[in-house]
Amino acid sequence: MNIKGCEFLTTETEASEIFIPEEFDEEQTMIAQTCQDFLETEVFCNLDRIDKKEEGLMRSILEKSGELGLLGISIPEEYDGFGQSFLTSMYANEVLGAGYSFSVAYSAHTGIGSLPIVYYGTEEQKQKYLPKLASGESMAAFCLTEPGAGSDANAGNTRAVLSEDEKYYILNGQKMWITNGGFADVQVVFAKVGNDRILSAFIVDGDSAGIEINPEEEKMGIKGSSTVQIFYNDVKVPVENLLGRRGEGFRIALYILHMGRIKLGGNVIGAAKRAISQSVNYANERKQFGNLISNFGSIKYKLGEQVIETFTNESAVYRLSKNVDEAIEAYMNNGMEYGKANTEAFVQYEAEAAILKVYGSETLDYIVDEMVQIMGGMGFSSEMPADRAYRDSRINRIFEGTNEINRLWIADTVIKRGHKHKIDIFGQAEEVMNQLEKLPEYKSKGYFEDKAHYVQNFKKVVMMLIQAASNKFGRKMSQEQEILNNLSDIVTQTYVAESTLLRVKKMDSMQTSVDKSFYRDILDVFMLDAADRIQKYALDAIYSLDAEEDTEKYRKGILHFTALPRFNVKEARRRIADKLIEENEYCF
């Protein structure tokens with residue numbers, strides 16, 4: 001069953017229908033191991049040199065990854081790539097996500113830099129550019145942001161004017177914060193043609209006359225990645241280098257950013273696992289008051305939470321990655337060509353993509369922050385690995401659209417799909433509203449049945465809040481950003497909770513030697529925390545509606561739908577931490 005975007009809110013998903021990381025096959029595992037080996041031999045041993053932006057080093061490392069085929073994982077075989085599934089590319093992306101600045105350069109090249117040509121290029125453009133991008137002979141950059149156009153991408157002022165002989169577009173303007181811009185041979189540049197109000201996209205050769213590149217930016221984190229401003233002064237771009245159709249650039253940028261958000265959600269998993277391993281390594285060596293600090297409850301709390309947040313993020317990432325592959329296959333089976341099938345799949349899951357971006361980036365921020373805290377004063381030293389991890393993490397809440405924009409996107413997408421009857425949000429919301437008159441009692445039916453019931457209750461909170469807010473604000477709902485943020489956070493917690501439940505349930509049914517009680521502990525703790533967070537977000541939203549006649553009814557409904565049986569959460573979290581401490585690395 002190929003569940004559609006946002007449909008998880010109105011449709012129950014079976015554990016057998018999702019993909020979990022425990023199901024990666026031998027070929028995928030080999031690709032991941034190649035990525036890990038590459039980090040060990042080419043990246044981790046050169047981190048200081050990379051951060052100093054040693055001239056030519058980052059490019060040479062990228063070229064070496066190209067020699068191993070790592071740059072061509074998502075490029076079709078007919079253009080000298082490997083044509084792997086989206087799921088496989090996500091696995092590689094996860095592993096390489098531990099590579100600090102290298103992971104940024106790698107993701108910019110293989111994702112937003114190369115894939116616009118894969119998805120929107122003409123056959124001639126693909127033949128010309130993709131083989132070299134796959135091999136590493138050429139490097140790619142994505143040039144969208146301008147000084148006056150960040151979150152409002154279409155506000156850019158870069159212009160392209162058709163030459164009198166109609167052979168070239170003459171490009172003038174400025175781009176900033178361009179990753180890989182200092183050495184990119186191929187630039188996907190967005191500009192408005194003539195007096196157009198909507199962007200178009202162009203493939204610009206990096207050695208074109210009139211391109212001026214500023215010195216490298218000095219950044220808070222990801223110091224080793226190339227980040228520059230680029231100026232275009234009467235740059236002649238052949239008309240055959242228009243990417244897609246005139247005026248299609250904004251759509252191309254938007255669709256590619258949906259993909260980038262999913263990739264970021266996967267990328268932070270690798271960074272998180274490395275940070276957790278470094279955290280527990282230190283806790284297992286550092287002694288205070290005659291004891292290893294890993295024996296202290298406060299440290300176990302932090303270690304346990306690091307594991308829980310990474311495991312839950314991973315569950316959501318690979319659930320969605322498989323959905324994307326299934327959607328691509330379905331579109332192609334219906335006659336859609338490869339590029340359009342991919343981009344339509346990303347649009348289909350635009351809300352889920354934003355969920356992964358927000359949840360993943362904020363999860364990593366928590367993990368590296370606690371890494372510093374576990375290491376104490378040493379964690380604040382630039383000599384320790386926490387320094388680089390902490391600084392590098394912060395950009396993820398800004399990359400691929402700020403988390404503020406993505407939160408609004410989640411809520412807006414869910415509401416719009418409800419109004420367009422793509423999901424039955426409002427129909428089911430009416431049923432929830434009717435239940436508020438006499439809240440139904442629930443009797444336990446079994447471990448996983450109970451968890452599924454609680455997730456369904458979380459969804460009822462979403463529906464109740466959408467209905468109540470829509471009744472109050474109508475078309476002015478878009479102006480109520482605080483309430484939209486509450487709604488987005490509830491949707492996010494619900495999606496992650498369900499993804500984790502389905503993963504643990506599927507693992508429970510598999511014939512493996514894993515400690516199933518360990519994963520149930522993760523699920524138990526997260527579900528309880530999610531319920532408490534959802535309750536807080538929902539009450540904040542309802543109290544903000546000023547609907548005095550209904551507030552008490554809504555309040556009782558929220559408390560009912562977020563009520564979970566209490567248990568000894570301290571001991572459950574300690575058991576999770578103890579497993580990590582025993583293994584001395586993240587290996588779950």
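Glu305 and Arg573 are both buried. In this predicted model, the two side chains form a salt bridge, with the closest N and O atoms 2.9 Å apart. Glu305 belongs to helix α9 (residues 297-333) and Arg573 to helix α19 (residues 569-583), so the bridge ties together parts that are 268 residues apart in sequence. Salt bridges with shared partners also join Glu22, Glu94, Lys273, Glu314 and Arg503 into one network.

The structure holds 38 salt bridges in total. Side chains of opposite charge can pair when their charged atoms come close. A further pair is Lys175 and Glu146, whose side chains meet at 2.8 Å, N to O. This pair links distant parts of the chain. Lys175 sits in strand β3 (residues 168-179). Glu146 sits in the loop between β1 (140-143) and β2 (159-162). The two residues are 29 positions apart. Both Lys175 and Glu146 are buried.

The bridge between Glu63 and Arg59 lies within one helix, α3 (residues 57-67). Its N to O distance is 3.1 Å. Because Glu63 and Arg59 are four residues apart in that helix, about one helical turn separates them. Their exposure can be stated residue by residue. Glu63 has 30% relative accessibility and counts as partly exposed. Arg59 has 17% and counts as buried, because the cut-off for burial is under 20%.

Charge also appears on the surface. Glu77, Glu78, Glu123 and Glu124 form a negative surface patch. One of these residues, Glu124, is placed in helix α7 (residues 123-135). Glu124 has a relative accessible area of 59%. Glu124 is therefore exposed, as the cut-off for exposure is over 50%.

The cysteines were examined next. The structure holds zero disulfides. Cys45 is in no disulfide, and the nearest cysteine sulfur, that of Cys35, is 16 Å away. A disulfide requires sulfur atoms within 2.5 Å, so Cys45 and Cys35 do not qualify. Cys45 is exposed, with a relative accessible area of 51%. Cys143, in contrast, is buried, at 0% relative accessibility.

Backbone geometry was then considered. Most residues other than glycine have a negative phi. Asn180 is not a glycine, yet its phi is positive, at about 70 degrees. Asn180 is placed in the loop between β3 and β4 (186-193). With 0% relative accessibility, Asn180 counts as buried. Glu400 likewise has a positive phi, of about 55 degrees, although Glu400 is not a glycine. Glu400 is found in the loop between α12 (385-393) and α13 (403-419). Its relative accessibility is 18%, and Glu400 counts as buried.

Selected residue pairs relate sequence separation to distance in space. Asn313 is found in helix α9, the helix that also holds Glu305. Asn313 is buried, at 2% relative accessibility. Its C-alpha is 7.5 Å from that of Leu356, while the two residues are 43 apart in sequence.

Met176 is placed in strand β3, the strand that also holds Lys175. Met176 counts as buried, at 13% relative accessibility. Met176 and Ile256 are 80 residues apart in sequence. Their C-alpha atoms are 18 Å apart in space.

Ile211 lies in strand β6 (residues 211-213). Ile211 is buried, with a relative accessible area of 18%. The C-alpha atoms of Ile211 and Ser89 are 32 Å apart. In sequence, Ile211 and Ser89 are separated by 122 residues.

Notes
Residues numbered from 1 in each chain as written. Heavy atoms only, no water. Patch = residues over 30% accessible without salt bridge, like charges linked within 9 Å, V, L, I, M, F, W, Y side chains within 5 Å. Areas by Shrake-Rupley, 256 points an atom, 1.4 Å probe, with all protein chains shown as cover. Salt bridge = Lys/Arg side-chain N within 4 Å of Asp/Glu carboxyl O. Lys, Arg positive; Asp, Glu negative; His and termini not counted. Charge placed at Lys NZ, Arg CZ, Asp CG, Glu CD. Buried < 20%, exposed > 50% of the residue type's maximum accessible area, 1.4 Å probe, protein only.
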